Amino acid sequence: MAWDMLVIGTNHDQPRAKMTASMPHLLTRIALAATIALSLGACASRDLSYTEAQALMPAKSPDKGRIYFYREASWLGNSITPDIVMNGKVVGSSNPGAFFFLDRDPGEYAIFCGQGEHNNTHVSLAAGQEVYVRTAVAGGIVKAEMQAEVEPPQVALPQIHKLNLFNTAGDTQ
């Protein structure tokens with residue numbers, strides 16, 4: 001049987017109806033259906049915006065503080081996604097267009113992100129306090145460096161509202 005013909009019918013005594021079905025056309029239809037199914041699945045598992053994530057965030061414990069890490073999307077250095085290290089432990093990574101948060105006990109925290117002269121900052125976290133740490137690619141065309149700095153809520157919150165929650169696989173405790 002040729003691949004370009006599909007023969008329908010099982011009774012050999014009766015004439016068979018023939019339907020031409022191009023195999024490449026059939027494969028194209030299957031590929032299109034698979035693409036649509038995968039696209040719909042991707043929509044269902046998309047990142048959450050700050051507003052959507054806020055509704056799902058656990059309530060902050062009154063005896064802990066919350067540190068938000070965020071990085072705005074930018075054409076410069078989007079492929080650079082260094083680890084964010086807090087007190088010697090990797091807690092996440094600096095991803096463009098994303099934020100994440102950690103709840104921590106009150107205390108002093110040294111934060112480093114990538115390489116560079118301004119790649120570190122220091123946080124004194126109090127119980128119930130929210131602190132916002134912005135990371136960004138800085139530097140020139142030849143060598144990109146990272147920046148990490150604490151931002152006041154009135155600067156950070158409008159920026160975070162444009163970003164998506166990034167589920168970090170780093171140290172969450």
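**Aromatic contacts around strand β3**

Trainee: Is Y50 buried or exposed, and what is its relative accessible area?
Mentor: Buried means under 20% relative accessible area, exposed over 50% and partly exposed in between, with a 1.4 Å probe and protein chains only. The model is predicted, so local features need pLDDT of at least 70, side-chain atom pairs count only at pLDDT 80 or more, and totals for chains, interfaces and linings use all residues. Residues are numbered from 1 along each chain as its sequence is written, and side-chain values use heavy atoms, leaving out hydrogens and water. Y50 is buried, and its relative accessible area is 4%.

Trainee: How many aromatic pairs are there?
Mentor: Rings of Phe, Tyr and Trp (its six-membered ring) pair if their centres lie within 6.5 Å; planes under 30 degrees apart are stacked, over 60 edge-to-face, and the rest tilted. By that rule, the number of aromatic pairs is six.

Trainee: Y50 and Y68 form one aromatic pair, so how far apart in sequence are the parts it ties together?
Mentor: The pair is tilted, with 6.5 Å centre to centre and 55° between the planes. Helices (H or I, at least four residues) and strands (E, at least two) are DSSP runs numbered from the N terminus. Y50 lies in helix α2 (residues 50-56) and Y68 in strand β3 (residues 65-71), so the parts tied together are apart in sequence by 18 residues.

Trainee: Which kind of pair do Y68 and Y132 make?
Mentor: Y68 is buried, with a relative accessible area of 2%. Its ring centre is 5.1 Å from that of Y132 and the planes are at 15°, so the pair is stacked.

Trainee: Which strand holds Y132?
Mentor: Y132 is buried too, at 2% relative accessibility. Y68 in β3 and Y132 are 64 residues apart, and the pair links distant parts of the chain, with Y132 in strand β9.

Trainee: How many residues of β3 are buried?
Mentor: Both faces are covered: G65, I67, F69 and R71 are buried on one side, and R66, Y68 and Y70 on the other. The strand is largely enclosed by the rest of the structure, because the buried residues number seven of the seven.

Trainee: Which residue in β6 stands opposite R66?
Mentor: Two strands pair if DSSP finds at least two bridges between them. β3 runs antiparallel to strand β6 (residues 98-104), joined by seven bridges. Opposite R66 stands D103.
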